[in-house]
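Biologist: Before the labels attached to this model are accepted, I should like to see the reasoning behind them. Please take the terms in turn and set each value against its criterion.

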Amino acid sequence: MDLASHRFISYFDAPEAQQLCDLAVVEQFTDQSIIFEEGEDPSFLYLVLEGQVEFKKQASLNQYQTVAVAKANDFFGEFGVLDGQPRSARAMAAGKIKLAKISRPHLMEILSNAKGKVILNLFSYIIHHLRVTTNQYVNQLVRKEKMELVGEMVNTILHDFRSPFTGIQLSSAMLKEMHPDEETEEWCDLISMQIQRMLGMAEEVLEFAKGSTVLYRRPVYVAKMLEHFEKLNRVYFQSTQVEFSVKADDDCIIYVDENKLIRVFQNLVGNAVEAFEKPGGKIVITTSKTPGWVTIAIADNGPGIPEAIREHLFDAFVTYGKRSGTGLGTAIAKSIIDAHGGKIEFKSIAHEGTTFYILLPETQPQEMLEEVAEEVKLH
Ligand SMILES: Nc1ncnc2c1ncn2[C@@H]1O[C@H](COP(=O)(O)OP(=O)(O)O)[C@@H](O)[C@H]1O
Ligand SMILES: [Mg+2]
């Protein structure tokens, strides 16, 4: 954008605006260049003409956290210019940028003669930014506290459930021994798998709250994995009267942590089942390949994802219309897919249905090892 039409310049009457344009020095910065450092004395106000600037605070020795951004038509550095205090964060170019800078003494002189209207405009801009930043900060803090609470709760529950779970496991193993017929054996295996699954689910929430997990990757046939998933849920689909089908490419292999991926399906399919408002619910899982990616689509003919939460669906604690919703299902699903280097997206139409697309990077057979454990961050 051109300097004369910048928001900051437009606060002033024509002669002062012209004066500011004459005084301003336009400068270009390359990606990652530092405009000013935290703690530096303030000497300029900056108007963003092109690109984006990020403000970062040092979180630990080598780690910086972005606390705010400024885009074209925004300005920054006004706090230091007004009160003379050192810069409170580092300003860094995110990509190529163009700025106009006005020196502190010049600006102070023009401002001290400026009309009330100018000061009012300036103040409302500053207050707006303070609000946005404070809101972000409070949201982050609340999220962190909730996460810690969830972690503590699940830990307690898990602790109490371990011994009854072991009891059920042992009983089903004994039943299997006492009645070695095929049908009993199958039911007992199912009981045992479901217990494993419950433990797995609780551990998954715990890992998500902790922020890191270990992926155990190995080559997996998508069709076989989905068959296993169907088996685990057969009784659930029958009792909820949901028609479930899979159309998977038989020789499609992915390199993933199967247990974690099954939990992604569980979360997404579980949501679809819970969303059906009338009989006739159908869920179809299909697989397809595009260069570099394997896509698994999970489609339902339900009511669609409520408009109000679509934008933030994958954020933790976003839930809608459920009495016992935690808002963690899709957040966990996304964190697992991200950890695999994949992507998750969805399309949803009210009264028609929702489709989630899971895209996993294609792995060449020679890159697939028997099994690798890899520690990954979850958010
Ligand atoms: N397939 C779907 N159809 C309709 N709504 C859905 C679907 N999947 C998710 N949702 C909506 O998204 C919300 C968030 O889901 P999720 O993150 O799993 O949390 P929770 O299920 O605990 O509410 C749900 O409460 C529901 O309103
Ligand atoms: Mg859910």
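Modeller: The salt bridges are a suitable place to begin: the count comes to 19. The model is a predicted one.

Biologist: What makes the contact between Asp 13 and Lys 115 a salt bridge?

Modeller: The criterion asks for a side-chain nitrogen of Lys or Arg within 4 Å of a carboxyl oxygen of Asp or Glu. Asp 13 and Lys 115 meet at 2.5 Å, N to O, so the pair satisfies the definition.

Biologist: Why is this pair said to tie together separate parts of the chain?

Modeller: Asp 13 belongs to the loop between helix H1 (7-10) and helix H2 (14-23), and Lys 115 to the loop between helix H4 (104-112) and H5; the pair therefore ties together parts that are 102 residues apart in sequence. Asp 13 and Lys 115 also join Lys 117 in one network, through salt bridges that share partners.

Biologist: Why are Asp 13 and Lys 115 both called partly exposed?

Modeller: Buried means under 20% relative accessible area and exposed means over 50%, with partly exposed in between. Asp 13 has 26% and Lys 115 has 49%, so both values fall in the intermediate range.

Biologist: How do you know that the bridge between Glu 274 and Lys 322 joins parts distant in sequence?

Modeller: Their side chains meet at 2.5 Å, N to O. Glu 274 lies in helix H8 (residues 258-275), whereas Lys 322 lies in the loop between helix H9 (307-310) and helix H10 (329-339), so the parts tied together are 48 residues apart in sequence.

Biologist: Where do Lys 334 and Asp 338 lie?

Modeller: Both are in helix H10, four residues apart, which is about one turn of the helix. Their side chains form a salt bridge at 2.8 Å, N to O. Lys 334, at 27% relative accessibility, and Asp 338, at 38%, each count as partly exposed.

Biologist: Why is Tyr 137 called exposed, and Tyr 357 partly exposed?

Modeller: Tyr 137 has a relative accessible area of 54%, and the label exposed applies over 50%. Tyr 357 has 24%, so that residue falls between the limits of 20% and 50%. Tyr 137 is found in helix H5 (residues 116-178), and with Val 138, Leu 141 and Val 142 it forms a nonpolar surface patch of about 370 Å² accessible area together.

Biologist: What does Tyr 357 touch, leaving aside its neighbours within four places in sequence?

Modeller: Tyr 357 lies in strand E13. Its contacts include Thr 295, Ile 296 and Ala 297, and also Lys 343, Ile 344 and Glu 345.

Biologist: What makes E11 and E13 a pair of strands?

Modeller: Pairing requires at least two bridges. Eight bridges join E11 (residues 293-300) to E13 (residues 353-361), so the requirement is met. The two strands run antiparallel, and one bridge sets Ile 298 against Phe 356 in E13.

Biologist: Why are E8 and E12 called edge strands?

Modeller: The open sheet has the order E8-E10-E11-E13-E12, with mixed pairing. E8 (243-247) and E12 (343-349) each pair on one side only. The twist averages 15° from one strand to the next. Helix H7 (residues 222-240) packs on this sheet, touching E8, E10 and E11, and its direction makes about 175° with that of E8.

Key. Residues numbered from 1 in each chain as written. Chains lettered and ligands numbered in written order. Predicted model: local features only at pLDDT ≥ 70, side-chain atom pairs only at ≥ 80, totals over all residues. Heavy atoms only, no water. Axes fitted to C-alpha atoms, helices over the stretch in contact; angles between N-to-C directions. Contact = heavy atoms within 4.5 Å. Patch = residues over 30% accessible without salt bridge, like charges linked within 9 Å, V, L, I, M, F, W, Y side chains within 5 Å. Areas by Shrake-Rupley, 256 points an atom, 1.4 Å probe, with all protein chains shown as cover. Buried < 20%, exposed > 50% of the residue type's maximum accessible area, 1.4 Å probe, protein only.
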